[in-house]
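Biologist: I have a fold on my screen and would like to talk through some of the labels people attach to it. Could you join me and explain the reasoning behind them?

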Amino acid sequence: MDTREKEHLLALKVMRLTRPSLYTTQPLATDSKYFACNILNKELKDDLGSPSNLEYCNSGKMLMLPQSFGNIYLGETFSCYMSVHNDSQQVVTAVQVQADLQIGMQKIVLSGQRGNYSSFTQLNPDESVDDVILHEVKEIGTHILACTVNYTTMHNEKLHFRKFFKFQVSKPLDVKTKFYNAEDYIVEKSDEVYLEAPLQNITFASMCLEKVSLEPSNNFTSNQLNVVQIDAETMPVFGDVSCLNPNDSMQYLFCLQPKPGTQTYSKLVKNVASIGKLDIVWRTCMGERGRLQTSQLERMAPGYGEIRLIITEIPSIVSLEKPFPVTIKIINACDRSLDLLLSLKNSFSNGILWHGISGQKFNNLEKGAFVTVSLEAIPVRPGLQGVSGLVVKELFLKRIYNFVDITQVFVTTSDIYKDNSNSLVNSKLNVQT
């Protein structure tokens, strides 16, 4: 407090209200052969904070009052206690207290339990008035709490002073989103959109997620997929309590479908970019509640060009060096008929090689039509391998479409051929042109 503030008759004190934290100590145990063990154990048992027969568990000392202003995170409720005390021997009148929160160029008038402005007719010597201010933090960055006190002295002199308190608001969660269009993978379910949302705790304390839901836009309905069916009972995959330690993350998955009566998905994908908002509610270890709602989530409309290639049938697990079937669909996505040429390109840097006839032609493929092609592939490397090497050439404009990393299969080492002479790896693959 500077000299100008000391000349005022009133004093303003502001304190942030927050819950205590847990403080745990390492218990100190002693062996009976040491001289000091009996004295130490007696002191632990005589401690009023120790439960009966639990001298090493001092519950009364596990709660620790806040030692600093602490961290404030987006979505939490900022609460502070304001007290105005009359330090003089004079009676002051028309006392008025105002609190404003400045965020950049924005100014928010805060209201306490007494209203936007706390007004009092008079304040006698050694008397004080107080108020509690609550505000839900909705923006990150620097916040400045400005408190203004106006009053009138007994000589009818009007005075005022201000105090400023600066604090930072940080993000509690790192939220990332990724969209998948079902028609990229399965034609029969082309009206679905999947949202993948990993949530990471970037605070310094643990939190429990009470609610993670998706509020879809007017064109969609949503369904959360983070549940499993166990004995006719639906259970969350993360358990009854979704606890996140610092730097831990949980991954949520949602499925969106167009509402009945709305336009088809093919039209929605071109006209609608807004999917919805994520609503997240959590509590800290002491039960303080926080809520975070994202802005409107938007996804890029998929661009397929003139040709789409979709794998409709493929096994998820295959055996090393054993051929497996692959069924694909080539779809004409442009406004004219096409003449196409399908080629199979093998590279021994890939773990999956094509085995079959390359250079199949498909003439006069009409707009929106598709052709189904049955192929065969051979895995030559164990582990999770990507399927690549499909090339489609449009014969009229001479455009070439390379399809890489179309999907993935897991290659196991079971049932490997024992005879190296019969090994498909050592033989030349039959890719004819």
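**Talking through the labels**

Modeller: Happy to. V237 has a relative accessibility of 43% and counts as partly exposed. Please keep in mind that this is a predicted model.

Biologist: Why is V237 called partly exposed?

Modeller: Buried means under 20% and exposed means over 50%, with partly exposed in between. V237 has 43%, so the middle label applies.

Biologist: Where in the fold is V237?

Modeller: V237 sits in the loop between β18 (233-236) and β19 (242-244).

Biologist: What makes the nonpolar surface patch there?

Modeller: V228, I230 and V237 make the patch, which covers about 220 Å². Patch residues need over 30% relative accessible area, and V237 with its 43% passes that mark.

Biologist: Now to I331. Why is I331 called buried?

Modeller: The relative accessible area of I331 is 12%. Buried means under 20%, so I331 earns the label. I331 belongs to strand β26 (residues 324-332).

Biologist: Which residues does I331 touch, leaving out those up to four places away in sequence?

Modeller: I331 touches E306, I307, R308, I310, G368, A369 and F370. The cut-off for a contact is heavy atoms within 4.5 Å. As for V371, its C-alpha is 6.7 Å from that of I331, while the two are 40 residues apart in sequence.

Biologist: What share of the contacts in the protein joins residues 24 or more positions apart?

Modeller: Among contacts with a separation of 6 or more, such pairs account for 71%.

Biologist: Let us turn to a sheet. What makes β25 and β32 edge strands?

Modeller: The open sheet has three strands in the order β25-β35-β32, with mixed pairing. β25 (317-319) and β32 (383-387) each pair on one side only, and that makes them the edge strands. Neighbouring strands of this sheet are turned by 40° against each other on average, direction ignored.

Biologist: How do you know that β32 and β35 pair?

Modeller: Two strands pair if there are at least two bridges between them. β32 and β35 (residues 407-412) have five, in the antiparallel sense, so they count as a pair. Along these strands, V387 stands opposite T407 in β35.

Biologist: And how many helices and strands does the protein have?

Modeller: The protein has three helices and 36 strands. Of its 433 residues, 37% are buried. The accessible surface comes to about 25700 Å², and carbon and sulfur atoms hold 51% of that.

Key
Residues numbered from 1 in each chain as written. Predicted model: local features only at pLDDT ≥ 70, side-chain atom pairs only at ≥ 80, totals over all residues. Heavy atoms only, no water. Patch = residues over 30% accessible without salt bridge, like charges linked within 9 Å, V, L, I, M, F, W, Y side chains within 5 Å. Areas by Shrake-Rupley, 256 points an atom, 1.4 Å probe, with all protein chains shown as cover. Salt bridge = Lys/Arg side-chain N within 4 Å of Asp/Glu carboxyl O. Helix = DSSP H or I, 4+ residues; strand = E, 2+ residues; numbered from the N terminus. Buried < 20%, exposed > 50% of the residue type's maximum accessible area, 1.4 Å probe, protein only. Axes fitted to C-alpha atoms, helices over the stretch in contact; angles between N-to-C directions.
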